[in-house]
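Here's a quick tour of a two-chain model. Have the coordinates open as you read, and we'll go from one long helix out to the chains as wholes.

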Amino acid sequence: MADSSRPIDWSKITYDGLWHNNPALVQLLGLCPLLAVTGSVVNALGLSLATIAVLVGSNLCVSLIRNLVPDTVRLPAFVMIIASLVTCVELLMQALTYELYEILGIFIPLIVTNCAILGRADAFARKNPPLPAVLDGLMMGLGFSAVLVLLGAMRELLGTGTLFADMQLLFGPVAESWKLTLIDDYRGFLFAVLPPGAFVGMGLIIAVKNLIDERLKQRAKPVSSEPAANKRVRVTG
Amino acid sequence: MALIHVSSPHTNRSGKAGHVMRQVILATLPGLAALCYYFGWGPLINVLFASGLALLFEAAVLKLRNRPLGFYLGDLSAVLTAFLLALALPPYIPWWVTTIGIFVAIVIAKQLYGGLGQNPFNPAMIAYALLLIAFPVEMTRWSAPETLLEGPLPGFGDSLAIIFGQLALPDGVTLATPLETFKHKGGLTGEELWASSTLLNNLEPWQAISLAYLLGGVYLLVRKVYTWHIPVSMLGSLLLIAGLFYAADPSNYAPPLFHLTVGATMLGAFFIATDPVTAATSNKGKLIFGASIGILVYLIRNWGNYPDAIAFAVLLMNLTAPFLDYYTRPRTYGHKQAERGIARK
């Protein structure tokens, strides 16, 4: 294994997870839960927390055993680790937030098959020491969650005209007053709540991300192109 | 003694998109007139309002995409999309439903894919399907035609007021469409329904509207705007499958001619399935495309959740059009056999 020799670039791990290599926007992994449960902020947040917990835990465990597992059987071993972590999370959610657990239903056990998690275990955690692996898991998880919550907020706002409805499912009775009704007497736009709305919303978020990247690239360009312009003057002159 | 030698092709009219679009818009006018005759001013107001909006949205997106406005607006494709969507909508639908529909059709289903010629799905039908899913109440609130109405139709001013939300649609004006009536017949057999339903015994308005669309379609066939393959195969397969089911069990299934003359069958066959951008292009592909739409329409009408099925059937087949073309490539003159499907080397 080729770790330890390379210096670890902590900020690159953070930037990759949150933006540059965002699992939802760039790798397009874990789209099934992403599109299925983002009907409201509370659903998105519930699944986000579960995914972050599993991702951090699995990256840590995989990194710890990375020198003990032969390459040929690594994938079954990773899946076993992820599956046991998901079971823990599932039982925890059953105990603490039973109603939300009921709403998210099959998508909690399905975190096992979320490619973002197995992908990070195989692409990063098995090649790096525990600390960077944990940071990578956390940042990838946060990047995934940010998209999940953003999409949930978009769809909830467009679909029902509210934001943060039913947050008590996740945060207890304190959160009952968090619900914001932004549009009074809203008729509802069922399309946004249904799966096709998730696809369109996701497409729009990816488009905005690409637009921002393009703008950033253009802003960076003039600085780098100036020396080239000077060079050309020198050549022709 | 030939004085002037002109080599082929001997074209005698312009091949511009705008020319075709104008023909198709012209051909929808009998249908629009029939709709207005039976349902009042609503359809006309919808069509005009939708066309204006379509031009507005199209211009806005073209501006964003840095395309020449005059050239792309002049091809009238946006107006045609607006016509087709507005003709499919209920006559007194609120203005904001039309607005959302036109926005989806022009901005999302057409321009986001790259504009005319690039859209894989029929924009008007994407918008129709989205509206049907998002606003089922407004989208199924059809008003009664004049022949089944006790009072007079709303006047022009009242129609405007209803569409723009100043006036409620009067009670007793809304009515189930024939397809809905048949779908929700409950425990009645077909024979009992035909005997008891006043609506099903007064189908004249829908038949007249279908006939008007048929007239427009025949005009387009005569002008060679499209070939006969799609409309004929679609109507033929629908007639065939409806006939088979009706022959086997007349008390459960509607007669074949009923399927041809109610709902959007004729509008779909002559104006929607024949969209040259989203349909199959080879003749054999067109036949399969049309026939599959006919079968899908029948399946969805009978066993689906929605009473009419043109939008869903056309969208599903739009999805397959590239594959149909891929596997039905015609033989070119002078070559032995066309390479179809995955090229054999």
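To get the expected span of a helix, take 1.5 Å times one less than its number of residues. Keep in mind that this is a predicted model.

Let's try that on helix H1 of chain B, residues 17-39. With 23 residues at 1.5 Å a residue, H1(B) should span 33 Å, and its end C-alpha atoms are 32 Å apart, so the two agree. There's still a kink in H1(B): about 30 degrees at Leu29(B), shortly before the proline Pro30(B). Just past the helix comes Gly40(B), with a positive phi near 95 degrees.

Which residues of H1(B) are buried? The list includes Val20(B), Met21(B), Val24(B) and Ile25(B), along with Gly31(B), Leu32(B), Tyr38(B) and Phe39(B). Among the elements covering the buried residues of H1(B) are helices H2 (42-64), H4 (77-88), H11 (204-222) and H14 (265-272) of chain B.

Staying in chain B, have a look at Thr177(B). An unreviewed UniProt entry lists this threonine as "modified residue: FMN phosphoryl threonine". Thr177(B) sits in the loop between helix H8 (156-163) and helix H9 (178-183). Is Thr177(B) buried or partly exposed? It has 18 C-beta neighbours inside 10 Å, so it counts as partly exposed; a residue needs 20 or more to be called buried. Setting aside neighbours within four places in sequence, Thr177(B) is in contact with Trp142(B) and Pro307(B).

Now the whole of chain B. It has 16 helices and 0 strands. Its radius of gyration is 21 Å, close to the 20 Å that the globule rule gives for 345 residues, so chain B is as compact as a globular protein of that length.

Chain A brings in some strand: it has 10 helices and 2 strands. Reading from the N terminus, its elements run α-α-α-α-α-α-α-β-α-β-α-α.

Here are the two chains next to each other:

| Chain | Span of C-alpha trace along principal axes | Buried residues | Contacts (separation of 6 or more) between residues 24 or more positions apart |
|---|---|---|---|
| Chain A | about 75 × 55 × 30 Å | 34% of 237 residues | 79% |
| Chain B | about 70 × 50 × 45 Å | 44% of 345 residues | 74% |

For chain A, the unreviewed UniProt entry annotates residues 44-65, 77-97, 103-121, 133-154 and 189-212 as "transmembrane region". How do two of those stretches look in the model? Residues 44-65 of chain A are 95% helix and 0% strand, with end C-alpha atoms 31 Å apart. Residues 189-212 of chain A come out at 92% helix and 0% strand, and here the end C-alpha atoms lie 28 Å apart.

One last stop is Leu118(A), which you'll find in helix H6 (residues 115-123) of chain A. That position also falls within the annotated 103-121 stretch. Leu118(A) has 20 other C-beta atoms within 10 Å, so it is buried. Beyond its neighbours within four places in sequence, Leu118(A) is in contact with Phe78(A), Val79(A) and Ile82(A). How far is Leu118(A) from Leu96(A) in space? C-alpha to C-alpha, they are 26 Å apart, with their positions 22 residues apart in sequence.

Definitions and conventions:
Residues are numbered from 1 along each chain as its sequence is written. Chains are lettered from A and ligands numbered from 1 in the order in which they are written. This is a predicted model: local features need pLDDT of at least 70, side-chain atom pairs count only at pLDDT 80 or more; totals for chains, interfaces and linings use all residues. Helices (H or I, at least four residues) and strands (E, at least two) are DSSP runs, numbered from the N terminus. A residue is buried if 20 or more other C-beta atoms lie within 10 Å of its own, exposed if 12 or fewer, and partly exposed in between; C-beta atoms are placed from the backbone. Two residues are in contact if their C-beta atoms, placed from the backbone, lie within 7 Å. UniProt positions are given in the numbering used here, feature names are shortened, and annotations may be inferred rather than shown by experiment. The bend at a residue is the angle between axes fitted to the seven residues ending there and the seven starting there. The radius of gyration is taken over C-alpha atoms; the globule rule is 2.2 Å times the number of residues to the power 0.38.
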